[in-house]
Structures are given as C-alpha cells and as structure tokens.
Amino acid sequence: MPYTFNKGSAEHRMYRLVGYGLLIVLMLIIPFILPEFQVTRLNRAMAMAVAILGLNLVLGFSGLFALCQSAFIALGAFTCGSLIMDHGWDYWMTIPAGMLMAFLIGLLLGIPALKIKGLYLAMSTVAFAAAFPSLTKLEFFGIPERTGGANGRDITEKLNPPDWMPIFDATEPGRYR
Amino acid sequence: MTLFLQRIIDGLQNGAIYSTVAIPMVLIFKATTLINFAQGELAMIGAFFAFVFAVQAFSMNVILATILAMILAAALGMAIERTMLRSFDPTDHLPVVLITLGVFYIVNAFAGDIWNYQAQGDVPNLLYELPFIGSWFEGRSSFLTSETNRLGLRIQHDSVGLIGALLIMLTALHFILNRTKMGLAFRGVSSNTESSRLVGIRVGRILSFGWGLACAFGALGAILVAPRITLQPNMMLTVLVYSLAAAAFGGLDSVGGAALGGFAVGLLNSVVLGYVADVDRLSSLTAAPLLMPVILLLVVLWFKPQGLFGTKTVERV
C-alpha cells in the first residue's frame, strides 16, 4: 500500500528537512568512521558535485549543450593556483578570483553559444574541453609558467580551516584536503 | 619559399591523420544523425587489438592482425550501437550525446587499465608489411630529405603511405556505398529513415552496418597512424578535436567533405600556426596548441553549420 503526500504540504516539508538533517549528520560522522583515503575520495566527490551543479544549471535548466564544464573547473583551479603560488594571495581570497575568471571566460564563450545550437554546440564545447589541456601551454601572458603546462603544478600551501572549527586537525595530512 | 612548401607538406601529412578519424565520424552521422564522440577512442582500441594480435599475444602477420582487429572493432561498434544506442530516439540529442561521451571515457579507461598510459614500444608499421611496396617504405626514416633533394623538403614516407591508404579507403567506401545493395539501403536510411522503413529496408541492420563499417575503417586508420603518433590510450584525444573541426568544416554528412576537411584543418593549422607561433613546436603533433581547430569549429558552426559539402537542413518553425 503506497503512501502518498502532496508536494509542498507540511508533511512533505518535514520529510525533506529530516532528509537534509540526516545528510548533515552523515557528513559529520563520515570523517570519524571511514579511513582517511576514503574521506579524501568523498571530499573529491563533493567538490565535483559543486562543479556539476553548474553543469546542471546550463544543461539541465536552460537546455544548452555546454559540455565544457571540465575546462572551467580547470580554469578556476589554475587561476587559484597561480594566484597563490605566484602572487602570494591568501587561499580563501583566490576562490572568488577563480570564480570571476571562469565567469568572464564563460561569458566570452557564451557569445557563440547563442548562435550555435543543439548537436553543433555539443561538438564545439567537447572540442574546447578536449583542447583545454593543451591550451595551458599557450604562450600568452606567461600562461605556461603559471599553469605548469599540461602536467599542472603543485600547490604547496594548504587550505587551512578557520580556527573556530573544532572537528579536525589541519596538520594531519590527507584529511579535508 | 622552402619553409612555406614544407609547412604545406606538414599540413597535408597531419591532415591525413585527422581525416582518418573524421571519415568514420561522418559515416556514423550519416547513418544515425548523431556525432560519435567516441570515434577516436574506438579507433584507438582497434589499433590496440591489432597490437595484441601482432605483438603481445599471438605474434601474427601484421596484415592478418589488422584484418582481425578491423573485424573485432566492427563487432564492438555494432554491439555498442545495438545495446546502448538503438533504443534512444536519435533526434533527441541529449541521451545519445551522453552515451557516446560515456563510451569515450569507458573505452579510454579500459584501455588505460589494460595497457597503461605509457606509449607502447615496438609498434609494427602496417606499411612495411605490405606485399610489394613494403620494402620501399622500410628502412628510410624519410625520403626526399635535404641531402637528396635540392629544395630541402622533408616528406615522411609513412605519410605518403597514409595518404595513399586514405585514398584507397575512400575508394572502397565509395564502392561500398554506391555499388552494393547494402550501400543503397544505407543511403536510403541516411536520407530518410521513415520512408526507407516503409519500403522494407531493415533499418536496424543498416544502422549496425553503418557502425560496423565506420569502426572497421576507424581501426584501420588508427593502425596506420599509430606508428606516427605513438600507440597509447590518449593518442586520439587531440586528434578528436581536429577531426570534429574537419567533419564540421567538410560537412557532417559528406564523406569526401570530411577527407578534404581533414586536409584543410591540417593545412590551416600548420600554415597559420607556423607564421603566428614558434616553428619548432609544430613538429610535435600533440604539443601544438589546439586553439586553431576550436576557433575554426566555432566559426564554421556559427556561419555555415552545414559545412562546405553538407546538405542544408531546413527546419520548419
């Protein structure tokens, strides 16, 4: 006997809140029960989920075949890395800068995307995504030095958590990194 | 002048590589009106099949290994078409694009898992094993080098072989598509699927046939280019970008257009980049920045989406 309740009703909202609460509890428990390697992998999955939210916005909601999300992930990461390593920025301050950079390049790429449609847009964006690793070697504005070429570069600085967070010790390697 | 001619020759040499991936892509587009993003990877796995037959496991004759690899690749293509793509409506682009991209990553990771991402060492060159002209190819790193040739041009021998093989491939495709009954049915399906179903063509079989043909020729192309661009799972990654540009430039439903588009992209890349960027970096195919084909792709799709030789699709608003 299936049980139904209406979307938007008080009951539905309650179930959703409980679901979110369970998710938060699960996330808080995970670092204590899983080995560090698995925690690192889950961290990576969550970071990817944030990036995929952007893909959902452009592909799911507006129906544009923009499949070059990976290029923008790399763009933001390279911007952050270069600002940290070459200009000595604070780690947290580079995140808005990386977002702004990806935003501007995305705006630029969006202009042709207005005209190209459907399958053709998929073609050109996949081509852009596949071409991106070699674009990091493009010799403008010292891009190869900043990105370290297609091999990438190491960010030696760690993302330090704010002091008020009680859960973990940042000196311990591998966790929350 | 010599440098200019050399750049044209380089462009044609690289263009042949792009054509070998663009042609199967166009074949699949003709059959099913979808872009097979996995085409480069399917060709790559075909080259690995031949590598296994010829070197790793059975040490067969290279020609025999090539034929077996082509058959296997065709079977793989047919299986992918039958099991993954048949049940989706090809006019709804989202699922089929996602599936071909998924096949791309699956095949790439699969090959990387089995043969790892290092470039394979002794890759046999099919051209050396050919019955009559193989000995002419073998033992020369290049002919018409500056010592033998007053113009000082350098033409790589296997590029000549590749262009020749490409012409043979095109002739064979032309024969298959225009002179056989299967080809007639294929052209019918590619022109109008519903009508050809009404006149009694088994559309499903024709789609399988198109995929098999495309994958077999793709595998042959990859086997031919593998000695030049090294045999490794990512060998087709950059080639894919050029081939997409080539297929779009020549027209997505024109086989000859794709071949010409490949050469055009190669020429454009080598000549334009040759004068804009550093000359030395052109020598390596994979190190050259891929900005050129992406820009070409955007320009072509913006102003002339049907390409040079493609048929224009008319949409009813």
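Chain B of this predicted model has 12 helices and zero strands. Read along the sequence, its pattern is α-α-α-α-α-α-α-α-α-α-α-α. Chain A also lacks strands: the count there is six helices and zero strands. Its pattern reads α-α-α-α-α-α.

**The two chains by number**

How much of each chain is buried, and how much of its contact network joins residues at least 24 apart in sequence? The last column takes contacts between residues at least 6 apart as its whole.

| Chain | Residues | Buried | Contacts joining residues at least 24 apart |
|---|---|---|---|
| Chain B | 317 residues | 49% | 74% |
| Chain A | 177 residues | 22% | 51% |

**Where the chains touch**

How many residues of chain B are in contact with chain A? There are 22, and they meet 19 residues of chain A. Several helices of chain B build this side. α4 (93–115), α10 (237–250) and α12 (291–303) each supply at least two of its residues. What kinds of residue make up the side of chain B that touches chain A? By class, 20 are nonpolar and two are polar. No charged residues appear on that side of chain B.

**Chain A in two domains**

Chain A is divided into two domains. Domain 1 covers residues 1–33, and domain 2 covers residues 36–151. How far apart are the centres of these domains of chain A? Taken over C-alpha atoms, the separation is 32 Å.

**A closer look at helix α2 of chain A**

Helix α2 of chain A runs through residues 36–61, which makes 26 residues. Does its length come out as expected or not? At 1.5 Å a residue, α2 of chain A should span 38 Å. Its end C-alpha atoms lie 36 Å apart, so the two values agree.

The helix has a bend. At Leu55(A), α2(A) turns by about 30 degrees. Is α2(A) well covered or hardly covered? It is hardly covered: two of its 26 residues are buried.

What follows α2(A)? Gly63(A) does, and the phi of Gly63(A) is positive, near 70 degrees.

**In brief**

Chain B has 12 helices, and chain A has six. The side of chain B that touches chain A has 20 nonpolar residues. In chain A, helix α2 has a span that agrees with its 26 residues, a bend at Leu55(A) and two buried residues.

Conventions. Residues numbered from 1 in each chain as written. Chains lettered and ligands numbered in written order. Predicted model: local features only at pLDDT ≥ 70, side-chain atom pairs only at ≥ 80, totals over all residues. Contact = placed C-beta atoms within 7 Å. Helix = DSSP H or I, 4+ residues; strand = E, 2+ residues; numbered from the N terminus. Nonpolar A, V, L, I, M, F, W, Y, C, P; charged D, E, K, R; others polar. Expected span 1.5 Å × (residues − 1). Bend = angle between axes of the 7 residues up to and from the residue. Buried ≥ 20, exposed ≤ 12 C-beta atoms within 10 Å, placed from the backbone. Domains from an automatic or database assignment.
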